[in-house]
Amino acid sequence: YNQIIPYTDRLNYCSAPLNNNTWCRSVEKILQIKVPPRAEVVRVILDEFSRIIDHLVCIITQVLDLGALTNFWVGFRAREAVYNLFEKLCGARLTVSLARIGGLGFDLPEGWVKLAHETCETILAAHKELDGLVTKNRIFVNRMVGITKISGEDAIRWGFTGPCLRATGVARDLRVDEPYGGYENYDFDIPIGSTGDCYDRYMVRMEEILQSVSIIKQALDN
């Protein structure tokens, strides 16, 4: 089972730890293995950092396709800060293979928690800059609002999940609906859209980044 973990990195290399941990949780559920509380907390931290850098890729590449290059580097600076965290934890940056069945392959090295707090501030600064550059930019808004509108009913029928589903107004989030890894102990909101268009998908991801930072800070304090 542990030998499968490197394959899960490559299911979505934009957020490898999320896939590592999802695989491990599935096997643990089948084998009824209880994960130590510390490992669960660290997994949550890694999951949320992964969610953030995945959302950043979605946002900044979309903006890049519309012709805005500056925003791309703003987002990637924040991604690089997260990769530095992963590297200090396991030696790898992109395909990390961090998790193990029953816990994690690595414990946090000295100074990692402090660096994680600093990385949260780097992410928030990048988020603020992206928000200022993009959210009310007339060209961006004109090319996003009303584009590819999808209803909640269609999204469910087509098997949408994550931000694409929530952007249609469906408040479905497994961290709340079917809590795992101790997510029931964290205070966070589920951002949703109303029209399910490109702009709503952008806004949901932007807000989810802030929610993920909040979860990380709560977990780091624990």
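Does Thr-148 count as buried, partly exposed or exposed, and what is its relative accessibility? In this structure, which is a predicted model, Thr-148 has a relative accessibility of 47% and therefore counts as partly exposed, since that class lies between the limit of under 20% for buried and over 50% for exposed. Thr-148 is placed in the loop between α6 (138–144) and α7 (152–157), and its phi is near 55°, a positive value in a residue other than glycine. Most residues other than glycine have a negative phi, and with that background the reader can turn to another loop residue with a positive value. Ser-97, found in the loop between α4 (70–90) and β1 (99–100), has a phi near 50° and is likewise a residue other than glycine. Ser-97, however, counts as buried, because its relative accessibility is 16%.

From these loops we can move to the helices, beginning with α3, which covers residues 37–65. Helix α3 has 29 residues, and the distance from its first C-alpha to its last is 42 Å, close to the 42 Å expected at 1.5 Å a residue. Of those 29 residues, 22 are buried, so α3 is largely enclosed by the rest of the structure. Just after α3 comes Gly-67, which takes a positive phi of about 105°.

How does α3 lie against α4? Two packed helices are described by the angle between their axes and the distance between the axes. For α3 and α4, the axes come within 9 Å and cross at roughly 155°, and the two helices are therefore roughly antiparallel to each other, the cut-off for that description being an angle over 145 degrees. The crossing of α3 and α4 is left-handed. A residue to look for in α3 is Thr-61, which counts as partly exposed because its relative accessibility is 29%. Although Thr-61 and Gly-75 are 14 residues apart in sequence, their C-alpha atoms are 9.4 Å apart in space.

A second pair of helices can be read in the manner of the first. Helix α5 (residues 112–135) packs with helix α10 (residues 198–220) at an angle of about 160°, and their axes are 10 Å apart. That angle makes α5 roughly antiparallel to α10, and the crossing of these two helices is left-handed. In the contact of α5 with α10, the residues divide into 17 nonpolar, three polar and three charged. As for α10 itself, its 23 residues should span 33 Å at 1.5 Å a residue, which agrees with the 33 Å between its end C-alpha atoms. Because 17 of the 23 residues of α10 are buried, this helix is largely enclosed by the rest of the structure.

The side chains add another layer to the picture, for the structure holds 10 aromatic pairs. One of them joins Phe-72 and Phe-76, whose ring centres are 4.8 Å apart and whose planes stand at 25°, so that the pair is stacked. An α-helix has 3.6 residues a turn, so residues three or four places apart point the same way. Phe-72 and Phe-76 are four residues apart in helix α4, which means that about one helical turn separates them. Their surroundings can be compared by their accessibility: Phe-72 is buried, with a relative accessible area of 14%, whereas Phe-76, at 26% relative accessibility, counts as partly exposed.

Another aromatic pair is formed by Phe-140 and Tyr-199, and here the arrangement is tilted, with 6.2 Å from centre to centre and 55° between the planes. This pair links distant parts of the chain, since Phe-140 belongs to helix α6 and Tyr-199 to helix α10, with their positions 59 residues apart in the count. Both Phe-140 and Tyr-199 are buried. Elsewhere, ring pairs link Tyr-180, Tyr-183, Tyr-186 and Phe-188 into a cluster.

A last stop is helix α2 (residues 16–31), in which Asn-19 lies. Asn-19 is buried, with a relative accessible area of 17%, and its C-alpha is 5.4 Å from that of Thr-8, although the two residues are 11 apart in sequence.

Terms used:
Residues numbered from 1 in each chain as written. Predicted model: local features only at pLDDT ≥ 70, side-chain atom pairs only at ≥ 80, totals over all residues. Heavy atoms only, no water. Axes fitted to C-alpha atoms, helices over the stretch in contact; angles between N-to-C directions. Parallel < 35°, antiparallel > 145°, perpendicular 65-115°, else oblique. Left-handed = near helix turned anticlockwise from the far one by under 90°. Nonpolar A, V, L, I, M, F, W, Y, C, P; charged D, E, K, R; others polar. Buried < 20%, exposed > 50% of the residue type's maximum accessible area, 1.4 Å probe, protein only. Expected span 1.5 Å × (residues − 1). Phe/Tyr/Trp six-rings, centres within 6.5 Å; stacked < 30°, edge-to-face > 60°.
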